[in-house]
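Colleague: Hey, got a minute to walk me through this one?
Modeller: Sure, here it is.
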Amino acid sequence: MNSQSLVCGPHAHSMTSISNVMMLVILALLPTTLFGLYVFGWPAIFLFLVTIVSALFFEAICLAIAQKSITRYLFDGSALLTGWLVAMTLPPWAPWWIGVLGSGIAIIIGKHLYGGLGQNPFNPAMVARIMLLISFPLHMTTWIMPAPLLSDGAPGIIEGFTITFFGDAKFDAISQASVLDYVSAELGRSRTLESILPETFSYLNLTLGQVPGCIGETSALLILIGGVMLLITRTITWHIPVSLIVTTIVLASICNILDPNRYPDAVFHLTSGSLIFCAFFIATDYVTSPTAPTAQLVYGVGIALLTFVIRTWAAFPEGVGFAILFMNACTPLIDHFIRPRVFGRNRSGKPLLTNTGGK
Amino acid sequence: MSFAFPNFRAARKLLSIRGGVHPNDQKILSSESAIEQMPLPNLLRIPLQQHIGALAEPVVAKGDIVDKGQLLAVGQGSVSASIHAPTSGLIVAISRFVAPHPSGLPVPTITLRPDREERWTDLPSPLDLEKSTPEEIAKRVASAGIVGMGGATFPSSVKLNLRNRFKLETLIINAAECEPYLTCDDRLLRERSADVADGIAFMARALDINKIIIGIEENKPDAIAAMSKAVEGVLANVQIVAIPTRYPMGSEKHLVQVLTGQETPARGLTADIGIIVHNGATAYAIHKAARFGHPLISRILTVSGRAVKRPANVEVLIGTPIVDIITHCGGLVGTPSRLLLGGPMMGQPIANTRSPVVKGSNGILALSHNETRRDEIMPCIRCGNCVNACPSGLTPLDMNARIRNEELDSAVDIGLLDCVSCGACSYACPSNIPLVQSFNYAKGKLIVQQRTKQRQEETKRLAKQRNDRMERIAAAKREAMARRKAEKAAKLKKHTPEKEIAPPSSSSPLIAAPNKSAEPLEASVEPLITEAAQ
C-alpha cells in the first residue's frame, strides 16, 4: 500500500497502532508470565527467551523473503506476541528445540505462508501447540511440579541451562501428569471422580497456580487479572471470553448434576488446563476471530461446546486448542452470515417501515 | 403524552446509541474566545455554488456598484439558493476562481471590491412572528439565500416547505457540534441565545410544529444553560437535551434516534418519521432574515488548531479569503501538517488559501504534526474497532476488502450506501487504513457507473425510437408510393399503352425517400441524445 502522499479525512486519529495493541496484550500477559517463570525456575526462563528470540528470527527471515520492510513489521509486536504465546503454552522444562520448533511453526506455517500479518486463518500459537502435541506427545506432556526460583530443590541457573539445552534426566523424577491428564486417565480405568479428585488437586492450588502445567497457564487468578486488564483497556470486548466461559459453566454443571461421578464440575473445567488462558488470550485473537459482537458470541459458544466434547469424550485430555482451530476455520462463515443490523434496516436488510408521516 | 412518559424515554434513549468514537475534542483551544468581527477584507470572492443543487445565475455585471445585501445571483431550479452582496462595493469580475474544495478547481465566482461604505440595500420589512404565515416565512428564508449552516448546505426553505409533503410532528435543533475543535455553534448559543431561540420560533411556525427538541452535547454546559434560559417564554413545548459527547452525534439520523428513539428508515428522510432537523446556526440566520430582512451574507466560524497563533471564533463575510482570516488570527505557527476547511473528522484539505469561505464553512483548522494521523498504513488485523465504531452498523473492514477487489456491487450488498462517511472507522483503526476514503471512492465510482448505464440506456432507447420512427416513415412512404404507382398505373392503363413508360428503378425511390426525410428528423433527435448524455 503506497499512500504516503494521501491526504484524506478524518484528519484526527485515535493514535492507536498495531504495536500499541500488541503491547497492551503483552502487558496483560505479564502477571501470569512472571508468575510462571518464577514457579518453574531457570529452565522455564531459558525456554521462554529461546522461543521469543527464535520467533523474531523467523519473522525477520520471512519478511526478507516476502520483501517486506523489516524495520516496519518486525517491531510491530505481532511476532513478539506470537512467540510469547507459544512459550506460554509449552511445558516449562521442555528442551530448547521444542521452543524453536514451536516458533518456527507459528511464524512460518501459521502466519507467513498465508501472507503474513492479518492474513492467517488459524491462530499461529495454537497451530504450533497442536502440531507439537501431535508430533512430540511425550515432550509436550511432561509436566513438572512447581519449584519456585531459588527454593530448595529448584535447579540453579547452570542446571537450568543444562535442562533446557542438553536435557537432564536427573530431574525426570519429579515430573508429573497434569490434572486433566490424570483425571482423564484414571476415569479410563473406570474409577469415579469422587475417589480421583482428592488425590490430585485442590481448587485453591489450581486457582493460585501451585500445580503442574504450561508456563503461562498455571494460575487462573493471574490470567483472569490479565483478562480484566484487556477488557478495561478495551483491547478486547467481553463477548468471546464471557460466552466461552458461561457456556462451559452451563455444560459442565448440567453434566455434573446428571452424573457427579463421571463429569467434573464447572470449577474443575475452568481452573484446570488452559481454558481461561485461551478464553482471554487465544480465542480473542483479532485476526482469527469474528468481528461483529453477535458473531463473537456464536464463536465463543462454539469453542466451549467443542472443548467440552473433546475433554469429556475424545482421546485427548485437553481440547481447547483443537476447538479454537476448528472455530477459526468457521470464522469466515460466521462473519459472512452474522453481521450487525444496519441502521435504518431490519435484520434481513430491508429498510424499516415508517409508521408516521408521509402524507 | 403524560409527564412521566418523556422521562422514561429519556432514560431509554441513552442506551440506544450504537457505535461512535470519543475523539479528544480540543474545544478548549477556542471555546473561551468570544465571537469577534473580522474587519473588511480588500476583496471578496463569492462563488455561485455555495449550496447543494444548481448553480445560481448572476444578475449583476462586471463594473456594477452593488449595495450590501443586494441580490447578486438567483437560485435556479427547485434546489438552489440565492447569493447576496456581503458588503457594498464594485463588482470587479465575474469569472472562474479557485473554489474552497479539495480539488482546487475553479468555479464561477463574483469578485467584489468593498467600498467600505457598508451601504445597505432596501431590505424587506421585518416579519412578525405571530402574524406571518408559514408561506411568508419560507419565502423570506428562500429569498435570504439561507442554507443548512452545519455544512450540508441544503437550502433551508426547501426543508421548511416539507410540511406540504409530510406529516411533521417534531422540530429538532441540531446543536450537537460533535466535530472536535469547532466551537462556533457553542459560542453562538452562548452569546446570542435569544436570537437563536427566536429563529427556532420562526422555524416552528413555518413548519407548523409545536414540539421542539434542542440537542446539545453535554460538553457544552454553558450553551445548554444559556439556551434553557433563552427559550423561556419564547418557545412553549421545548425540551433541551444534553446528549452524550460522542462523534458522530451530530449526524442527522443518529441525533434523531438518540433524541426520540425513532430510527429513520434506510434511504429515507427524517421527515418520513415526522421529524425535521435544522442546525442551530441556521436558526440564527433565519432570525436575522425574519426580523431584519438580512440575507445570509456572513457566518461564524472557528479558527483553531495548534498551528494557528490565536485560535478564535470569527464572524466573517461570505467570500472572505481564507488567508485573510488566518492572518487576522495571528497567522500560522510553523508549517501546519494539515490545513482544513471544516472539522478534523469530515473537513477537507484546503487546496489554496486564496479560496474564500462559503455559507457552509464552519471552521478553518491548522493542525500541527502531533494532532493529525500518521502516514504509515499497516495491514488490517481484523480487530473489529471499525465495526464497533460504525454508527450505522456496517462492517467497514469487509466493505474495504470488497472495494479493494473492485467488487463494488458486493460492497453495496453489505451496506456501502448506508455509510454516512463520518470517518469514525478510520479514526478508530489501529492500522491507520483510509477506510472512509475507500468508501467515498466507491460511492463516487458507483455514481459514475450508474450515470454511464443510464446514458447508455437512454441512448439505446432514443436510437430504438428513431429506428422505429424511420421504419414507420419508410413504411408509410412505401405504402404511399405503392398507392400512387397503382393509381398512376390505373390512369396509364386508361390513357396510354403500358410499354411507353420507363419504370423508375424499383429500389431507388424507396431508399432515397426515407433518407431525405431523415435529415430533419435526425437533427431533432440529436440534441435529445446529447441532452440525455449530459
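Modeller: We'll go through the helices, the chain contact and a sheet, bearing in mind that this is a predicted model.

Colleague: Cool. At what angle do H1 and H3 of chain A pack?
Modeller: Helix H1 (residues 18-65) and helix H3 (residues 78-88) of chain A pack at about 35 degrees, and their axes are 6 Å apart.

Colleague: Is that crossing left-handed or right-handed?
Modeller: H1(A) and H3(A) cross in a left-handed way. Sorted by class, the residues of their contact are 17 nonpolar, five polar and one charged.

Colleague: Switching topic: how many residues does each chain bring to the contact?
Modeller: Chain A gives 39 residues and chain B gives 57 residues. On the chain A side, 18 are nonpolar, 16 polar and five charged.

Colleague: And the sheet in chain B, what's the strand order?
Modeller: The order is S11-S10-S9-S12, an open sheet of four strands with parallel pairing.

Colleague: Why do S11 and S12 each have one side without a neighbour in the sheet?
Modeller: Strand S11 (237-243) and strand S12 (275-279) of chain B are at the edges, so each has a single partner strand. From one strand to the next, the twist averages 20 degrees.

Colleague: Which helices pack on that sheet?
Modeller: One is helix H5 (residues 193-207) of chain B, which touches S9, S10 and S12. Its direction makes about 150 degrees with that of S9(B). Another is helix H6 (residues 221-231) of chain B, touching S9, S10 and S11. For H6(B), the angle with the direction of S11(B) is about 175 degrees.

Key: Residues are numbered from 1 along each chain as its sequence is written. Chains are lettered from A and ligands numbered from 1 in the order in which they are written. This is a predicted model: local features need pLDDT of at least 70, side-chain atom pairs count only at pLDDT 80 or more; totals for chains, interfaces and linings use all residues. Axes are lines fitted to C-alpha atoms, for helices over the stretch in contact, and angles run from 0 to 180 degrees between N-to-C directions. Helices (H or I, at least four residues) and strands (E, at least two) are DSSP runs, numbered from the N terminus. A crossing is left-handed if the near helix is turned anticlockwise from the far one by less than a right angle, and right-handed if clockwise. Ala, Val, Leu, Ile, Met, Phe, Trp, Tyr, Cys and Pro count as nonpolar, Asp, Glu, Lys and Arg as charged, and the others, Gly among them, as polar. Two residues are in contact if their C-beta atoms, placed from the backbone, lie within 7 Å. Two strands pair if DSSP finds at least two bridges between them.
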